[in-house]
Amino acid sequence: MSSLSVPYALGGTLTEQQRLTAQARGLEEQAAWMLDRIGIEQGSRAVDVGCGPIGIMNLLSERVGARGTVIGVEREPRFVDMARTAIDERGLRNVKVIHADALQTGLEKNAYDVVHERLLLINLPPASQEALLIEMFSLLKPGGIIALQEFDSASYVCHPEHPSWTLLLGTWNDVFHAAGGNEFVGRSLAHRLQCLGAENVEMKIHVEVAQIGEYRRTHLLSLIESMYDLVLASARISQSELRDHMSALSAHLADPSTTLIDKLVVQAWGRRAI
Ligand SMILES: C[S@@+](CC[C@H](N)C(=O)[O-])C[C@H]1O[C@@H](n2cnc3c(N)ncnc32)[C@H](O)[C@@H]1O
C-alpha cells in the first residue's frame, strides 16, 4: 500500500455499501453522457479506480464489449466482495475486480485505453490526490483517456432554508474536512489534468434539482448515517439533537414545496500524448 494512502472516512459498513449503490444508480445518466462523449471503442481496456460496490463498471462493460476488459480497483474488502457479486449477478463477463490500493495499483503501466475515477479525489488530502492522478496517468497507453468525476458543493442549496439543513450541512462539512475531505474539489479537475500533462482536456458540469424519491434528495442524511459515529465524536451535537434534526430535515425534504438544488457533478477528461 502507498504511504500516501489514507483511510476512507465513510467506512465499509453495510449502510455505506447501500448508499454507494444507490448513489451510483443516481449518477448513471451523467456518467453515460461522459462515456458517450469520450467515445469508447469496442475492445478497449478500461480501469475504474476506487470502484466501490459497482462504480461505473457496468457502463464501461457495455461499451468495451466482449472483446474488451474492465478492471475495478478497490481497497475495502467488503466492497470488493459486493462488487464481485454484483458483476456475477449482472453477468458482466468482461469485468474483474482487484483488491488493491488505487495509489499503487500494481497494474501494468502504459497498457490501458481509459482510466477513470469517481468520488475518490474528494476524500483525499492534496498529496494523496496528486499520487492518485500520477498513478492513473501512468497506466494509460499513449493516446489513452483519463476521466474524472467529482462533486463540487458550490450549488448545494435548500430553499426555503431550514435550521436543521443549515446545522446538519455545517456539521457534515466540518467533520468531512477534519477527515481530510474537500467537497469543492470538482472545480479543480480540468486544471489538474492540464498540470498532469494531459492533452485535449474537456470539462462538463451537470446540475439538477434533486426530486422527491430520488437518492440525491436525501444525500446529506445518508452521508450523516454513514459517518454517524464520527459526527457524534466531533462533540458538536448530542445523539438526541442529531436524531431530532435528522427527522426535521427529513420532513422538510419530503415537502414538495421545498426545492433542493444538488451539488455540481463535474467531469473532466483528457488524453495522454501519443
Ligand atoms: C465515494 S466512494 C465512490 C465509489 C465509486 N467510485 C462510485 O462513484 O460509485 C469512494 C471509494 O473509493 C474507495 N477507496 C478509497 N481510498 C482508496 C484507495 N486508496 N484505493 C482504492 N480504493 C479506495 C472506497 O473504499 C470507496 O469504495
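What is the sign of phi at Gly 197, the residue that follows H7? The phi of Gly 197 is positive, near 100°. The views below come from a predicted model, in which local features need pLDDT of at least 70, side-chain atom pairs count only at pLDDT 80 or more, and totals for chains, interfaces and linings use all residues. Residues are numbered from 1 along each chain as its sequence is written.

**View 1. The open sheet and its edges.** The sheet holds 7 strands in the order S3-S2-S1-S4-S5-S9-S7, with mixed pairing. Helices (H or I, at least four residues) and strands (E, at least two) are DSSP runs numbered from the N terminus, and two strands pair if DSSP finds at least two bridges between them. Strand S3 (95-99) and strand S7 (199-206) are the edge strands; each has a single partner strand, so one side of each lacks a neighbour in the sheet. From one strand to the next, the twist averages 15°. S7 pairs with strand S9 (residues 264-271) in the antiparallel sense over 6 bridges, and Lys 204 stands opposite Gln 267 in S9. Helix H4 (residues 77-90) packs on the sheet, where it touches strand S2 (69-74) and S3. Contact here is C-beta atoms, placed from the backbone, within 7 Å. The direction of H4 makes about 170° with that of S3; axes are lines fitted to C-alpha atoms, for helices over the stretch in contact, and angles run from 0 to 180 degrees between N-to-C directions.

**View 2. Strand S4 and its two partners.** Of the 7 residues of strand S4 (residues 112-118), 6 are buried, so the strand is largely enclosed by the rest of the structure. A residue is buried if 20 or more other C-beta atoms lie within 10 Å of its own, exposed if 12 or fewer, and partly exposed in between, with C-beta atoms placed from the backbone. Strand S1 (residues 45-49) pairs with S4 in the parallel sense over 4 bridges, and Val 47 stands opposite Val 115. S4 and S5 also pair in the parallel sense, over 6 bridges, with His 116 opposite Ala 147 in S5.

**View 3. Helix H7 and its cover.** Leu 189, Ala 190 and Leu 193 are the buried residues of helix H7 (residues 189-196). Seen down the helix axis, they fall within an arc of 100°, so they line one face of H7; the arc is that of the directions from the axis to the C-beta atoms. The cover over these residues includes strand S5 (140-152), S7 and S9. His 191 and Cys 195 are exposed on the other side of H7.

**View 4. Surroundings of the ligand.** The ligand is surrounded by 21 residues, the closest being Gly 50, Gly 52, Arg 75, Ala 102 and Arg 118. A residue is near the ligand if its C-beta atom, placed from the backbone, lies within 6 Å of it. Helix H1 (14-26) and S2 are the elements that give two or more residues to this shell, and H1 supplies the largest share, 3 residues.

**View 5. Lys 109 in the loop between S3 and S4.** Lys 109 lies in this loop and counts as exposed because it has 12 C-beta neighbours inside 10 Å. Its contacts, not counting residues up to four places away in sequence, are Ser 138 and Leu 139. Lys 109 and Leu 140 are 31 residues apart in sequence and 6.8 Å apart in space, C-alpha to C-alpha.

Technical notes. Contact = placed C-beta atoms within 7 Å.
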